[in-house]
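Grab a coffee and open the viewer. Here are some short exercises, each with a worked solution to follow along.

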Amino acid sequence: QDWEQRQEEDTLLIERILLLVRNVLHVPPDPTEEQGVDGDASVHDRVLWALHISGMDDLLKFLASAQVEQQWALHVLEIISLMFRDQSPEELAALGQGTAGAEHGEDTRELETLRQRELAEKRARALQRPSRHSRFGGSYVLQGLKSIGDRDVVFHKGLHNLKSYSHDLGKEPRRVPRHRQA
């Protein structure tokens, strides 16, 4: 609901929910109770994951960024600070940068090897084919078709042009003046 349409009960409910989330995240860790395997998620991490699965993190981002919801800014700020309670800024920066940097370097190397392989294939194909294109399609003798005299016709075009062959190929048609046209 927009803030204009909210009743007093709705405002109180939102504030109570934000305070509940803050109080749940404010519970200090108890190392004696959390005796898990190394690398296992702590209770705090599992609570954060549950907030993420429920969509509460998106709701908190909306409340933090919406201009009309400024009344909840301090509650949201406190919740976010409690979310990052156990992490140091150096750890967070190194964690995000380390995996991304390693993945980026690996991707760059992989792309470079693919590029080198493609260039080598391109060079090999260029060496296989001749460098200049020959326009000479060949000369063919059409047996059974007489040219001037008693010799067979010599055809200088490609075989795919043979169907459109006529004796008038390459000759300009004679122009008839306009007043003599039929």
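**Exercise 1. Work out the order of helices and strands from the N terminus on.**

Solution. Start at the N terminus and walk along the chain: the elements run α-α-α-α-α-β-β. Tally them up and you have five helices and two strands. Keep in mind that you're looking at a predicted model.

**Exercise 2. Decide how far to trust the coordinates, using pLDDT.**

Solution. Begin with the average, which is a pLDDT of 81 for the protein. Next, check the spread: 87% of the residues score at least 70. Then go element by element. Confidence is highest in H4, with a mean of 88, and lowest in H5, with a mean of 81. As a rule of thumb, predicted coordinates shouldn't be read in detail where pLDDT is low.

**Exercise 3. Find what share of the residues is buried, and describe the surface and the contacts.**

Solution. Of the 182 residues, 14% are buried, with under 20% relative accessible area as the cut-off. Now the outside: the protein exposes about 16,000 Å², and 55% of that comes from carbon and sulfur atoms. Finally, take the contacts with a separation of 6 or more; 42% of them involve residues 24 or more positions apart.

**Exercise 4. Locate a nonpolar surface patch and place Leu92 in it.**

Solution. Look for Ile80, Phe84 and Leu92, which together make a nonpolar patch of about 250 Å². Leu92 belongs to helix H5, residues 89-128. Its relative accessibility is 37%, so Leu92 counts as partly exposed.

**Exercise 5. Track down salt bridges, and say where the partners sit in the chain.**

Solution. First, the principle: side chains of opposite charge can pair when their charged atoms come close. The structure holds four salt bridges, and we'll take three of them in turn.

- Glu78 and Arg22: their side chains meet with an N to O distance of 3.4 Å. Glu78 lies in helix H4 (residues 73-83) and Arg22 in helix H1 (residues 8-26), so this pair ties together parts 56 residues apart in sequence. Glu78 is partly exposed at 31%, and Arg22 is partly exposed too, at 21%.
- Glu112 and Arg115: the closest N and O atoms are 3.0 Å apart. Why are the two about one helical turn apart? Because they're three residues apart in helix H5. Glu112 has 36% relative accessibility and counts as partly exposed, while Arg115 is partly exposed at 47%.
- Lys146 and Asp152: here the closest N and O atoms are 3.3 Å apart. Lys146 is partly exposed at 46%, and Asp152 is partly exposed at 25%.

**Exercise 6. Describe how strands E1 and E2 pair.**

Solution. Mark E1 (residues 140-146) and E2 (residues 152-155), then check their direction: they pair in the antiparallel sense, over four bridges. For a concrete pair, pick Val141, whose bridge partner in E2 is Val154. Next, look at the link. E1 and E2 form a hairpin with five residues between them. In that turn, Gly149 has a positive phi of about 90 degrees. Now go back to the Lys146–Asp152 salt bridge: Lys146 falls within the residue range of E1, and Asp152 within that of E2.

Methods:
Residues are numbered from 1 along each chain as its sequence is written. This is a predicted model: local features need pLDDT of at least 70, side-chain atom pairs count only at pLDDT 80 or more; totals for chains, interfaces and linings use all residues. Side-chain values use heavy atoms; hydrogens and water are left out. Buried means under 20% relative accessible area, exposed over 50%, partly exposed in between (1.4 Å probe, protein chains only). Contact means heavy atoms within 4.5 Å. Accessible areas come from the Shrake-Rupley method with a 1.4 Å probe; for residues, only the protein chains shown count as cover. Patches are made of residues with over 30% relative accessible area and no salt bridge: like charges are joined within 9 Å, nonpolar side chains (Val, Leu, Ile, Met, Phe, Trp, Tyr) within 5 Å. Two strands pair if DSSP finds at least two bridges between them. pLDDT is the predictor's confidence in each residue, from 0 to 100.
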